[in-house]
Amino acid sequence: MPKFVTSEGAICYTAHGSGPAVVFLHSALTDHRQWNIQVNRLSNDYCCITYDLWADGLTDQSSQRHDPADTLVALLNYLEVETATLVGSSLGGAVAIHAGKRYPARVSSLVLLGTGLFGFQPKIDGPDSAIYAEYEAALAAHDVTRLVNAAEIIWLIGINGKEESISKESRAAFRLMYREMLERRRTLPRYEQINDTDALQALDIPTMLVVGEYDTRFGQEVAVYLARELPHAKLIRMRDVAHFPNLSKPQEVSYMLEQWLKDHTKR
């Protein structure tokens, strides 16, 4: 992978195709490969950019606190990209929202799938599924196999989802990315203190929100909150999908992206 070298270390990225720029931002459990199917489909018409966030994938493990929006815009500057659509999953969605707030002139639209939101801490009532206790126990023991198994149920299949609804290829890809992250990561990425819950109504950027039927309660709460607060948000609920719509139904999400980009990019 090409590298963008900064004072904090090297960021590994890919750039495929030409045309309006689309930046794909991965979740905290995966890496840039999360978007392989979407990049392959869209790169005939768009410049598709992916990169590994700090401490993920092949990117260096920075010891400095940083603002992820600054990193994103520095990469856009390096690649001589003026504006881009940001497509983010989970943590990547939170980074996309933050970049839209910090650098609105650089963001043409947002597509957020199972997104997070920096600073959002809803009160969620009700008992947790036993799988969360299993995940916490595996985390304490640093049992990689148990962690991968539990994570697949919670975030890919969904607690109330069905294994057969996810292809073997998608399950294998998720399990590989998460296992490699657990085995490789030595430190967590260190972000600045960020709270993006304020002034969301001033975010004057077209936004598509996608949330899965079986996403976690937190993921559902974020989607509802953003649909209410963002002035130009379109909320789509996908059936038989948990936290990773683009892995669960890759072709359907690719089609949704194609339609969105046709309506929200300038050539």
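# Notes on helix packing, salt bridges and selected residues

1. The side chains of Arg146 and Glu134 come together in a salt bridge, with 2.9 Å from N to O. This pair connects distant parts of the chain, since Arg146 belongs to helix α5 (residues 144-157) and Glu134 to helix α4 (residues 130-141), twelve residues apart. Arg146 is partly exposed, its relative accessible area being 30%, and Glu134, at 28% relative accessibility, also counts as partly exposed. Please keep in mind while reading that the model is predicted.

2. Further salt bridges are worth tracing on the structure. Glu152, Glu163, Arg171 and Arg175 are joined into one network by salt bridges that share partners. The count of salt bridges comes to 13, and the pairs described in these notes are among them.

3. Which residue forms a salt bridge with Arg102? The partner is Asp70, and the closest N and O atoms of the two residues are 3.2 Å apart. Because Asp70 lies in helix α2 (residues 68-78) and Arg102 in helix α3 (residues 91-102), the pair ties together parts that are 32 residues apart in sequence. Asp70 counts as partly exposed at 32% relative accessibility, and Arg102 is likewise partly exposed, with a relative accessible area of 38%.

4. Helix α3 takes part in another such link, because Lys101 forms a salt bridge with Asp198, where the closest N and O atoms are 3.2 Å apart. Here too the pair links distant parts of the chain: Lys101 is in helix α3, while Asp198 is in the loop between α6 (168-184) and β7 (207-212), 97 residues apart. Asp198 counts as partly exposed at 44% relative accessibility, and Lys101 is partly exposed with a relative accessible area of 25%.

5. How do α2 and α3 pack, and at what angle? Their axes are 8 Å apart and the angle is about 75°, which makes α2 roughly perpendicular to α3. On the α2 side the residues that meet α3 are Pro68, Ala69, Asp70 and Leu72, and on the α3 side they are Val95, His98, Ala99 and Arg102. The salt-bridge partners Asp70 and Arg102 therefore appear again among the residues where these helices meet.

6. Helices α5 and α6 form another packed pair, with an angle of about 130° and axes 10 Å apart. That angle makes α5 oblique to α6, and the crossing of the two helices is right-handed. Among the α5 residues that meet α6 are Val144, Leu147, Val148, Ala151, Glu152 and Leu156, while the α6 residues include Arg171, Phe174, Arg175, Tyr178 and Leu182. A reader may notice that Glu152, Arg171 and Arg175, named in this list, also belong to the salt-bridge network mentioned above.

7. Is Gln38 buried or exposed? Gln38, which lies in helix α1 (residues 36-42), is buried, with a relative accessible area of 0%. Leaving aside neighbours within four places in sequence, Gln38 is in contact with Phe24, Asn246, Pro250, Val253, Ser254 and Leu257. It is also instructive to look at Gln38 and Leu247, which are 209 residues apart in sequence and 9.7 Å apart in space, C-alpha to C-alpha.

8. Val241 is placed in the loop between β8 (233-238) and α8 (245-248), and at 0% relative accessibility it counts as buried. Apart from neighbours within four places in sequence, Val241 is in contact with Gly212, Glu213, Tyr214, Asp215, Ser248 and Lys249. Val241 and Gln251 are ten residues apart in sequence, and their C-alpha atoms are 13 Å apart in space.

9. Where is Thr265 found? Thr265 is in the segment after α9 (250-264), and its relative accessibility of 17% falls under the 20% limit, so Thr265 counts as buried. The side chain of Thr265 reaches the backbone oxygen of Leu261 at 2.5 Å. When neighbours within four places in sequence are left aside, Thr265 is in contact with Pro20, Tyr46 and Thr85.

Conventions. Residues numbered from 1 in each chain as written. Predicted model: local features only at pLDDT ≥ 70, side-chain atom pairs only at ≥ 80, totals over all residues. Heavy atoms only, no water. Helix = DSSP H or I, 4+ residues; strand = E, 2+ residues; numbered from the N terminus. Buried < 20%, exposed > 50% of the residue type's maximum accessible area, 1.4 Å probe, protein only. Polar contact = N/O pair within 3.5 Å; in protein donor to acceptor, adjacent residues only side chain to side chain. Contact = heavy atoms within 4.5 Å. Salt bridge = Lys/Arg side-chain N within 4 Å of Asp/Glu carboxyl O. Axes fitted to C-alpha atoms, helices over the stretch in contact; angles between N-to-C directions. Parallel < 35°, antiparallel > 145°, perpendicular 65-115°, else oblique. Left-handed = near helix turned anticlockwise from the far one by under 90°.
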